[in-house]
Structure formats: C-alpha cells, structure tokens
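Please walk me through this structure, taking the sheets in turn before coming to the ligand and its surroundings.

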Amino acid sequence: MTTGLELRSKITSDGKLELSLEEVQVPEPAAGQVVIRVEGSPLNPSDLGLLTGPADLSTLVAGGTAERPTLTANIPPERRAMVAARLDESMPVGNEGAGTVIAAGAGAEALLGKTVAALGGSMYATHKIAPAAACLPLPDGATAADGASCFVNPLTALSFPETMRMEGHKALVHTAAASNLGQMLVKICQADGVPLVNIVRSAEQVKILKDLGAQYVLDSTTPTFKADLVDALAETGATIGFDALGGGPMAGDILAAMEVALNRTATTYSRYGSATHKQVYIYGGLDLRPTEIGRNVGLSWGTGGYLLTYFLQKAGPEVMGRLRARVAAELKTTFASHYTAEISLAEALNPDTLKAYSRKATGEKYLINPAK
Ligand SMILES: NC(=O)c1ccc[n+]([C@@H]2O[C@H](COP(=O)([O-])OP(=O)(O)OC[C@H]3O[C@@H](n4cnc5c(N)ncnc54)[C@H](OP(=O)(O)O)[C@@H]3O)[C@@H](O)[C@H]2O)c1
C-alpha cells in the first residue's frame, strides 16, 4: 500500500478554520477502479467555498513545518450557521483534476499509464482512486495541466445554450463574463451561432472579450449600462440569463431590461407587462449580498439556483456523453484554461498564496500540482 498526502479543511465547533496536509494510505484499486497520480487540479470558486468557506482571511495564521504547513483562521460568529453541517469534519477538497493512472483494478487495465481527467472530489491529493468509467482519457499530446479543468467550467458553459434551447429561448445573457467559464462561453456561442450578451465590470474585461470576437460586451460600471443592456437585449431577443454574481441588483436589472426590450415591440399594452417568460438563473455567489429584484419586471419571469450536477441529471446520459466528447475534442482551443501559477500542496497553504488565489480575479487562476 502506498502512502499519500491529502489537503484537508476542517471547521471546528469553536469557530476556527484549520487547513492541513494529512498522510493517508492509498489502497490497491478494486475491480473497475484506477489510482491516479494527480498532477493538476484547479482552484475554482466552488473549491474555495469548501476550502476556506466563510473564514475571515485577514485572521490567517501559519503553522506547522515547511513540508507540512498548516493554516488557521477565524469564522465570524454571524457566518457559523451556514457551516453547521460540517463542524469538526476533516473534509478533502478539489472537485476535479487530471493525472497519470499508476494502478488499475481488474477490467480497468486499459487505462494504465494513460493521462486522464476525473471529477468527484479529493483531488487536492497526491493520489485519487476513481472508477475507470468516470475517467476521461485525454487526447494524445494533452498534459495533465491541459485536462485539469475539463469538467466543471467547460460542461457548465456548454450547459447554458443547452438549457436555453430546452427552455425555448433563443439568446443568452451572462455576467462576470470575462471569467474562465465566460471566455469558454464566448467561443461556444460563436461556433454555434448563439447570440450572447456579455456583462463585465471593467474596460480591460471588455477588451478581453472583444479580442475573442464577442459582439455584445457591456461594462456594468459605465453610466449608459442599463440603456445599452436594453438595446442589446432588443437586438438579440435574449430572454434567459446566467448570473454568477447572485447578490445585489444584477439579476433584477437584467429582468427589468428584458421587460423594457420586450415591450419595445409589443403591439398592444398590457397592465401585466410582457407575456413572454424571462428567466435569470443564479449559478454563482461572487456577490454575497441579498438578490434585489424590483417591481419593474412584469409578471412573467423567474429566477432560480443553477448547478451543473442538476442540469446533467435532468439532461441525461446521452447529452452528458455528447458534451464530454466535445470537451475532449476542443480541449486545447475552446476549453483551454490558463494558469497564473502551478503550486504544490504545501504552497497552497502559504498565507500570501492563499489570499492571492482567493481573489478569484480575471485571468488569475491557480493550479495545484500535488506531484510538484
Ligand atoms: N453552478 C455551477 O454549476 C457552476 C459551475 C462552474 C462555475 N460556477 C461559477 O462560475 C463562476 C465563474 O467561475 P470561473 O472559475 O470561471 O471564475 P474565475 O475565472 O475565477 O473568474 C471570476 C470572475 O468573476 C469576476 N468577479 C468576481 N467578483 C465579482 C463581483 N463581485 N462582481 C462582478 N464580477 C466579479 C472577476 O472579475 P474581477 O477580476 O473584476 O474581480 C472574474 O472575471 C463562479 O461564480 C463559479 O462559482 C458555477
């Protein structure tokens, strides 16, 4: 049996976050399983939700040794209720990643030596045991870093136009659109001829998306934003949006602008507003304020939470297979992820590095390489 290292996050009942590297035994793979030597796993916003949760990062304290560093931080009392279900549990972290298959159980031998990507948690670890059927063998020439982010953001970006079509809409709105996921969505929509209205929050982000060829890119910090949004919605006919902010006025602003855009072409007046259904899905929590929706959105609208897992359950295995095949085929183009730095498990627990990747800034994604 091999010994490995695993990054763990614990929140104690007295309100402390504890991050550490734990030694774990790596068992022999059972039939149908493989052992992956993990060589790349991204630090995505959803991973940070588990890794540091609601901790106050200004209270970070480093401890341990150079090989086995630890970090602690305080959880403010008003944020403790949201983590009540995980108190005192040492939790493995890392949704997805890629690496080399170094051992295979009966029936999984074909994957031995292959570079594969996998999903399913505990990827911030030197080794990951995974069912062979859940592994995506990477195309020839693709490295673990190329494939490390090939599930969460690519499949979510692909799911947006799928949902758009399933729910009878013809164009999309997207916020925090210069994100890693947003840049993939720009390329998908271009290739598939789906009109896309991108909303970002700086001139630099406008340039990033324009350079990718995006047609509609609106900066929410400009004085003409709301008027520009109505124009873009009227031109594209977008009646469904995916909002990564979640909090603040954005979701309500999008619904209100859709309502104005729809009424531009209305032939008769209705006191109830447009009868066309407008939908905004909240799929991220970049803004933790309450969601504000005004009374200027008519009466035919909806908002709701959105998670890739729920979409895949609804869409079924045929759609999942089709989307996975597209990700594999376009791994180095549409779905290429770029990383600011490749860090080891120990470096992930350096306080300055942790603060840097916790910023979730445009173009500053970090990759953990546990084999480093
Ligand atoms: N529901 C799901 O199934 C699912 C699946 C995958 C991803 N997601 C979500 O998708 C989003 C994007 O993920 P990613 O990995 O692509 O992110 P990323 O590359 O880390 O980029 C984050 C982006 O959000 C912007 N941002 C951060 N805080 C913001 C705020 N308060 N207001 C406006 N913009 C803000 C950043 O811009 P600045 O540089 O200006 O800060 C940056 O462009 C995340 O919210 C993630 O949780 C959800």
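The paragraphs below go through the sheets, the helices that lie across one of them, a single glycine and the ligand. The model is predicted, and every value that follows should be read with this in mind.

A convenient place to begin is the parallel sheet, which is open and is formed by 6 strands in the order β13-β12-β11-β14-β16-β18, with parallel pairing. At its edges stand β13, residues 216–219, and β18, residues 301–305; each of these has a single partner strand, so one side of each is left without a neighbour in the sheet. From one strand to the next, the twist averages 15 degrees. Within this sheet, strand β11, which covers residues 172–174, is joined to strand β12, residues 196–200, by 3 bridges, and the two run parallel. The register of this pair can be followed at V173, whose bridge partner in β12 is V197.

Two helices lie across part of the parallel sheet. Helix α5, residues 203–211, lies across β12 and β13 and runs at about 175 degrees to β13. Helix α6, which spans residues 225–236, lies across β11, β12 and β13, and its direction makes an angle of about 160 degrees with that of β13.

A second open sheet has 5 strands in the order β4-β5-β2-β1-β6, and here the pairing is antiparallel. Its edges are β4 and β6, the latter at residues 91–92; each has a single partner strand, so one side of each is left without a neighbour in the sheet. As background, the strands of a sheet pair through backbone hydrogen bonds, in either a parallel or an antiparallel arrangement.

Strand β5 is a useful one to examine within this antiparallel sheet. Strand β4, residues 56–64, pairs with β5 in the antiparallel sense over 5 bridges, and a hairpin of 4 residues joins β4 to β5. Two positions show how this pair is aligned: the bridge partner of G64 in β5 is P69, while that of V61 is T72. Strand β2, residues 16–26, is also joined to β5, by 4 bridges and in an antiparallel arrangement, with K16 standing opposite N74. Along β5, which covers residues 69–74, the side chains alternate between two faces: P69, L71 and A73 point to one face and are buried, whereas T70, T72 and N74 point to the other and are not buried.

Strand β3, at residues 33–42, offers another view of antiparallel pairing. Of its 10 residues, 8 are buried, so β3 is largely enclosed by the rest of the structure. Its pairing with strand β9, residues 127–131, is antiparallel and extends over 5 bridges, and I36 stands opposite K128 of β9. Strand β7, residues 96–104, runs antiparallel to β3 and is joined to it by 6 bridges, with G40 opposite A98. A further antiparallel partner is strand β20, residues 366–368, joined to β3 by 2 bridges; in this case P42 has L367 as its bridge partner.

Among individual residues, G246 deserves a short look. G246 is located in strand β15, residues 246–248, and at a relative accessibility of 6% it counts as buried. Leaving aside residues up to four places away in sequence, G246 touches I282, G284, D287 and T291. The C-alpha atom of G246 is separated by 9.6 Å from that of T175, although the two residues are 71 residues apart along the chain.

The last part of the tour concerns the ligand. The ligand is surrounded by 24 residues, of which the closest are R201, Q205, L308, T362 and K365. Oxygen atoms of the ligand have polar partners in both the backbone and the side chains: a backbone N or O atom of N180 lies 2.9 Å from a ligand oxygen, a polar backbone atom of L181 is 2.8 Å from a ligand oxygen, and a polar side-chain atom of K365 lies 2.7 Å from a ligand oxygen. Taken alone, the ligand exposes 930 Å², and the protein buries 86% of that. The elements that give two or more residues to the shell around the ligand are α3, residues 152–166, and α4, residues 180–192. Of the elements, α3 gives the most to this shell, with 3 residues.

Methods
Residues numbered from 1 in each chain as written. Predicted model: local features only at pLDDT ≥ 70, side-chain atom pairs only at ≥ 80, totals over all residues. Heavy atoms only, no water. Pairing = 2+ DSSP bridges. Axes fitted to C-alpha atoms, helices over the stretch in contact; angles between N-to-C directions. Contact = heavy atoms within 4.5 Å. Buried < 20%, exposed > 50% of the residue type's maximum accessible area, 1.4 Å probe, protein only. Near = heavy atom within 4 Å. Polar contact = N/O pair within 3.5 Å; in protein donor to acceptor, adjacent residues only side chain to side chain. Areas by Shrake-Rupley, 256 points an atom, 1.4 Å probe, with all protein chains shown as cover.
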